[in-house]
Amino acid sequence: MKNNLLGQLFLVALFAVLLHVAAMTSALGYVYPNLKPDCNTCIEECDLELPRTPIGQTIGSTASVPAVNHAATNEMKQQILRRQPHVPYCPTCPQVVPQYVKPSVAPVVIVPQQPAVRPVTPAPVAVPQQPSQVKPVAPMTSGSKYQIALFLDNSATSQRLKSWFTNDAKLAGLKSKCDYQEYTAENALYKTRYARIVPVSQFPAVLFLKPDGGHVHAAGGQMIPGSADALYEDMREGYTLAKSVESAEAVHEQPGAIRETGYSWDAGINPAMQLEQDCPDGFCPPTEQPGWRPGQRVADLFDRVDSSKNAIVWASAMEIAVFVLLGIVVLMAVAVAMKKGR
Amino acid sequence: MFVSISLYTMLACSLTLNAWLLTRPSTRADVIETWLRVIAKLLGRGLAVGFIALAIILPGCDEPKVARRLPAPPPEVPVCNLPAELHQRNWLGQKGQGSCVHASLTNHLRWLNQYELGEWWRSKYGDGEWASQLRHRLDAANIEYSFTEKADPRFLDWVSNTRTGCILWWKPAHCCTFMGWVIGQDGKQYAAILDNNYPGKFEYTEREQFIRLWAGYGGFALAVHHPATISLPYLSYEVL
């Protein structure tokens, strides 16, 4: 009897233990269906390659700011909202919005008797509130380059035009000081952004623009001159005209900021910082330089490129012709007076 | 133009008359009379026409042009205004992971008019990514770039000023494309973000809040070295 009682107690205990183990296993499977390491946070366990030596170009060497979540810096980023089938990008295809399809077989849900682990409710993500009452009205830009854009086709003129900006000293020099782009009729940005402004029928075309897109000079098709020098002079003339209308209304902007050749990130970083350099692209408006005196001509975009212009007499062809003719007339009148006076 | 023609005509007549007088013996009174006679003869015999033509051909007709400024259209907002048709949506890679970093970089390259490079990158890489491996892959492809890992707002100022934009860590375990700063109607500065999970629109966050949150997401941003596509052209002046 005693043995039977012990045996029964043993069986009950064994059954309880087995039931408990089964409950634990079921509970774990219910709360954490994927027991494999989460590669979003456990990079080492995923045995992924992680170069230790930072490579690439670093801007500055500012001391680390405690506010930066460095753990998240090298966290893997993937973040996809919906699990949807891969839809290859096809700009000419009709837009298809992939639909999430629920699985046809409902997963088996095990209700644990004694959940061993309390499910952790993730902390709410700090999502910034969208400024629904705010409408963006203007960009924040200061100090961008002039722009040169070529719109090219397969014609010989296109090839010649393109080669000018590579081989001609003046145009290549001007190009180096501007943002330069080439577009063809098949270019994605051209088709979506510039096709109605510069139609294919106008190809080849060259645009010389201010940083905000304001036209300085434009030529297309038959209006493209026959030589690189002529095109350069046309662009120069357009630049002069554009400057002339700007100076009539523009307010002189010289903040007096010291031009820096690089970026200094030595100061502590905080969200209220503002970029103070006025010309990060390497080309600044003319400022007073050592040796500059009032009245001295200030160098501008074209002066730096055209190094061959060293006129002794700052006059046009018309003015030079007038001077020459006047000189001849005076000399001959003097000769007549001297001859008749004898 | 008429003044210059008259001036050159007078100069040419004077030259001719003086040359003629040099060859003829005469008194001073005769000189004046001769001047008047010759001028009348020249004008009467139409020789002035030839001098007028010479006066036109010799100096050219370059007169200063006068231009008038034309009003500018409203500026593009944001400065990196990638057309909606070119917004790349996030996709699942071969490992079943989201490819937000590569989608953001594709958007960034498309704005820089590097569409073929973006397509090559999109076909070559997918799934999750992290900062150091991204830089390693860019180095391997000989793509020049700049980056920050310190949530430095001046980096974003720079990419906004140069209209290039950048990719950055934004939202939990996510990467988006920064399209520049804009100014709202309240006068505050906002960051314009293109989220590859929501292509076709831009999201805006106030600047200082954006910087704080960006730091919390890792503070990483990266911009490829290449000029942005040109601004939308408009006629800024006309010649009168």
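Q: Which cysteine holds the sulfur closest to that of Cys80(B), and why is there no bond between the two?
A: In this predicted model, the sulfur of Cys80(B) has its closest cysteine sulfur at 8.5 Å, which is too far for a bond, because a disulfide requires the two sulfur atoms to be within 2.5 Å. Cys80(B) is also buried, with a relative accessibility of 0%. The closest cysteine sulfur belongs to Cys166(B).

Q: How far is the sulfur of Cys100(B) from the closest cysteine sulfur?
A: Cys100(B) counts as buried, at 0% relative accessibility. Its closest cysteine sulfur is in Cys175(B), and the separation is too far for a bond, given that a disulfide calls for sulfur atoms within 2.5 Å. The distance is 5.4 Å.

Q: How many disulfides does the structure hold over all chains?
A: A disulfide is a covalent bond between the sulfur atoms of two cysteines. The sulfur of Cys80(B) is too far from that of Cys166(B) for such a bond, and the sulfur of Cys100(B) is likewise too far from that of Cys175(B). Over all chains, the number of disulfides is 0.

Q: What kind of aromatic pair do Phe155(B) and Trp158(B) form?
A: Over all chains there are 22 aromatic pairs. In the pair of Phe155(B) and Trp158(B), the ring centres are 5.8 Å apart and the planes stand at 65°, and planes over 60 degrees apart fall in a class of their own. The pair is therefore edge-to-face.

Q: Which helix of chain B holds both Phe155(B) and Trp158(B)?
A: Both residues are buried, Phe155(B) with a relative accessible area of 1% and Trp158(B) with one of 15%. They are 3 residues apart, which means a separation of about one helical turn, and the helix that carries them spans residues 153-161 and is α7.

Q: Over the face of which residue does Arg207(B) lie?
A: The ring in question belongs to one aromatic cluster, whose members are Trp170(B), Phe178(B), Trp181(B), Phe210(B), Trp214(B) and Tyr217(B). Arg207(B) is placed at 4.6 Å from the ring centre, over the face of Trp181(B).

Q: Which residue of chain A offers its backbone oxygen to the side chain of Ser236(B)?
A: Ser236(B) sits in the loop between β7 (221-224) and β8 (237-239) of chain B, and is buried with a relative accessible area of 3%. Its contacts include Lys210(A) and Gly214(A), as well as Arg68(B), Arg69(B) and Leu70(B). At 2.5 Å, the side chain of Ser236(B) reaches the backbone oxygen of His215(A).

Key
Residues are numbered from 1 along each chain as its sequence is written. Chains are lettered from A and ligands numbered from 1 in the order in which they are written. This is a predicted model: local features need pLDDT of at least 70, side-chain atom pairs count only at pLDDT 80 or more; totals for chains, interfaces and linings use all residues. Side-chain values use heavy atoms; hydrogens and water are left out. Helices (H or I, at least four residues) and strands (E, at least two) are DSSP runs, numbered from the N terminus. Buried means under 20% relative accessible area, exposed over 50%, partly exposed in between (1.4 Å probe, protein chains only). A polar contact is a pair of N or O atoms within 3.5 Å; within protein, one must be able to donate a hydrogen and the other to accept it, and residues adjacent in sequence count only if both atoms are side-chain atoms. Contact means heavy atoms within 4.5 Å. Rings of Phe, Tyr and Trp (its six-membered ring) pair if their centres lie within 6.5 Å; planes under 30 degrees apart count as stacked, over 60 as edge-to-face and the rest as tilted. A charge sits over a ring if NZ of Lys or CZ of Arg is within 6 Å of the ring centre and within 35 degrees of the ring normal. Lists of a residue's contacts leave out its neighbours within four places in sequence.
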